[in-house]
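Biologist: I am new to this structure and would like a close look at a single part of it, followed outwards into its surroundings. Could you take me through it slowly, in one connected account?

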Amino acid sequence: YNVRTENMDLLERIPPPYVLLPNHQMTWDPFILNTLIKDPVFFVTSDIQFRNKFVAFLLKFVGAIPKSKFISDFETIRLIMAAKKQNGIIGIFPEGRRTWDGHTNKLIYSTAKLVKLLKLPVIVPILKGGYLSLPRWSKYRRRGSMIFSFKQGLSVEEVTSMTTDQVFNRLEELIEWDETEYQRKEMIVFDHPKRAQFLELALFVCPSCKSIASLKSKGTELQCSVCNHSVTYNKYGFIEEKGERRIGLDSVRAWNLWQMEYFSSLLLEKKTAKSSEPIMSDKRIWLNVGYRARPLKKFRFGNMVLYYDRIEFRTMKGDILTFPIDEIEGTNVQIKEKVEFYYDNILYHCNFLSRRVSGYKWMNAISILQGNGYIA
């Protein structure tokens with residue numbers, strides 16, 4: 001990945017224990033960070049990684065701390081405090097998830113509470129170029145340039161004297177990163193012959209005809225199957241429009257912000273009207289069940305349909321499982337972009353057989369209909 005560093009001498013001046021709070025741009029950033037820092041980092045890791053016995057053994061061997069994403073976990077806190085007593089480096093991604101468009105996600109407020117509890121210095125490594133090297137929606141690596149830039153976020157004195165709100169606001173300032181604006185200045189080449197492949201996992205609304213899930217990628221192109229609006233994803237990570245119809249969305253970030261505003265208004269309109277019509281659906285899905293780090297078990301096979309107040313899972317045998325929107329918890333998109341959520345204390349894992357179904361679309365639909373806004 002052509003990795004370089006900036007301000008690494010900071011780690012010589014601040015010995016462990018401390019809290020490491022990086023932005024989360026790509027799959028391998030925690031592993032690369034561990035190779036750069038001479039002392040071991042106890043990363044708080046999604047419990048999905050522990051479902052495979054071999055992977056779980058390796059993660060426990062290096063001291064990874066399991067956490068159910070977006071679900072309160074006192075056992076996680078206990079393990080973090082134990083790592084502090086060992087003078088360990090505690091690694092946490094305060095966004096809780098990798099970025100879909102290169103811009104920092106909303107931070108999880110409980111990170112600020114944890115920083116206050118630990119009373120340790122905070123170091124923030126900002127990864128530049130990570131998203132463009134391996135976008136979340138892609139499986140193809142592009143060799144360009146990645147830089148980990150280290151800076152001290154908060155001293156012990158600041159952590160102690162500041163309120164939780166002040167710590168949270170400061171962390172938001174420190175960790176905010178916009179890959180698109182960085183690339184406008186740097187214009188680094190991130191090339192691959194299939195660089196647009198699976199872009200529809202992130203961009204699921206056509207800006208020309210406003211169809212949902214109509215976009216299809218191939219090679220360097222993304223095209224709508226309804227209106228044929230077509231764009232090229234170029235080697236710098238920007239979008240070039242083709243044909244006479246010009247929308248003016250030149251980046252994944254700009255397109256994503258536009259689609260989220262449109263998608264939100266569409267969903268809230270359906271909710272206000274209490275529409276009986278389905279909003280969207282996807283076919284050929286294995287619905288698996290589990291809990292936390294336990295291995296998943298196949299449960300039902302069928303199609304998933306979204307209404308303003310519920311998700312219906314319609315099995316091949318004609319049964320209908322209903323999940324009320326307001327009772328769904330811990331929604332997230334996990335490995336290979338599969339949607340997970342908790343309902344009635346059971347984990348449901350939606351394994352789309354098509355690699356091109358956007359789990360990001362489903363996660364946002366649930367968040368918007370629950371009144372939490374979109375995730376971008």
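Modeller: In this predicted model, T160 has a relative accessible area of 45%, and because that value lies between the limits of 20% for buried and 50% for exposed, T160 counts as partly exposed. T160 belongs to helix α7, which covers residues 156-161. From T160 to A376 there are 216 residues in sequence, and their C-alpha atoms lie 32 Å apart in space.

Further along the chain is helix α8 (residues 164-175), whose axis comes within 9 Å of that of helix α5 (residues 110-118), the two crossing at roughly 115 degrees. The crossing of α5 and α8 is right-handed. On the α5 side the residues taking part are T111, A112, K113, V115 and K116, and they meet T164, V167, F168 and L171 of α8. Sorted by class, this contact of α5 with α8 holds five nonpolar, two polar and two charged residues.

L171 leads on to the interior, since the name L171 also appears among the residues with the most contacts inside the largest nonpolar core, a set of 87 residues, together with L21, V122, L306, I311 and F323. Helix α11 (residues 359-369) gives seven residues to this core, the largest share. In soluble globular proteins, nonpolar side chains tend to be buried together. There is also a second, separate core, made up of 19 residues and including L11, M26, I37 and M146.

On the other side of α7 in sequence comes strand β7 (residues 146-154), which runs parallel to β1 and is joined to it by four bridges. One of the pairs concerned is R4 with I147, the latter lying in β7. Both strands belong to an open sheet of seven strands with mixed pairing, in the order β1-β7-β6-β2-β5-β3-β4. At its edges stand β1 (3-6) and β4 (65-67), each of which pairs on one side only. Ignoring direction, neighbouring strands of this sheet are turned against each other by 25 degrees on average. Helix α2 (residues 29-36) packs on the sheet, where it touches β1, β2 (18-20), β3 (41-46), β6 (122-128) and β7, and the direction of α2 makes about 75 degrees with that of β7.

To follow the core residue I311 further, one can set aside its neighbours within four places in sequence; I311 is then in contact with M304, V305, L306, L321, T322, F323, I325, I328, W362 and I366. Strand β14 (residues 310-315) pairs with strand β13 (residues 297-306) in the antiparallel sense over five bridges, and a hairpin of three residues joins β13 to β14. Within that pairing, G302 stands opposite T315 of β14. β14 is also antiparallel to strand β15 (residues 320-324), again over five bridges, with R310 opposite P324 in β15. Four residues lie between the strands in the hairpin of β14 and β15, where G318 takes a positive phi near 95 degrees.

Last comes strand β16 (residues 329-333), which is largely enclosed by the rest of the structure because four of its five residues are buried. β16 pairs in the antiparallel sense with strand β17 (residues 339-343) over three bridges, and N332 has E340 in β17 as its bridge partner. The hairpin of β16 and β17 has five residues between the strands, and in it K336 takes a positive phi near 60 degrees.

Notes. Residues are numbered from 1 along each chain as its sequence is written. This is a predicted model: local features need pLDDT of at least 70, side-chain atom pairs count only at pLDDT 80 or more; totals for chains, interfaces and linings use all residues. Side-chain values use heavy atoms; hydrogens and water are left out. Axes are lines fitted to C-alpha atoms, for helices over the stretch in contact, and angles run from 0 to 180 degrees between N-to-C directions. A crossing is left-handed if the near helix is turned anticlockwise from the far one by less than a right angle, and right-handed if clockwise. Contact means heavy atoms within 4.5 Å. Ala, Val, Leu, Ile, Met, Phe, Trp, Tyr, Cys and Pro count as nonpolar, Asp, Glu, Lys and Arg as charged, and the others, Gly among them, as polar. Two strands pair if DSSP finds at least two bridges between them. A nonpolar core is a set of buried Ala, Val, Leu, Ile, Met, Phe, Trp, Tyr and Cys residues joined through side-chain atoms within 4.5 Å. Buried means under 20% relative accessible area, exposed over 50%, partly exposed in between (1.4 Å probe, protein chains only).
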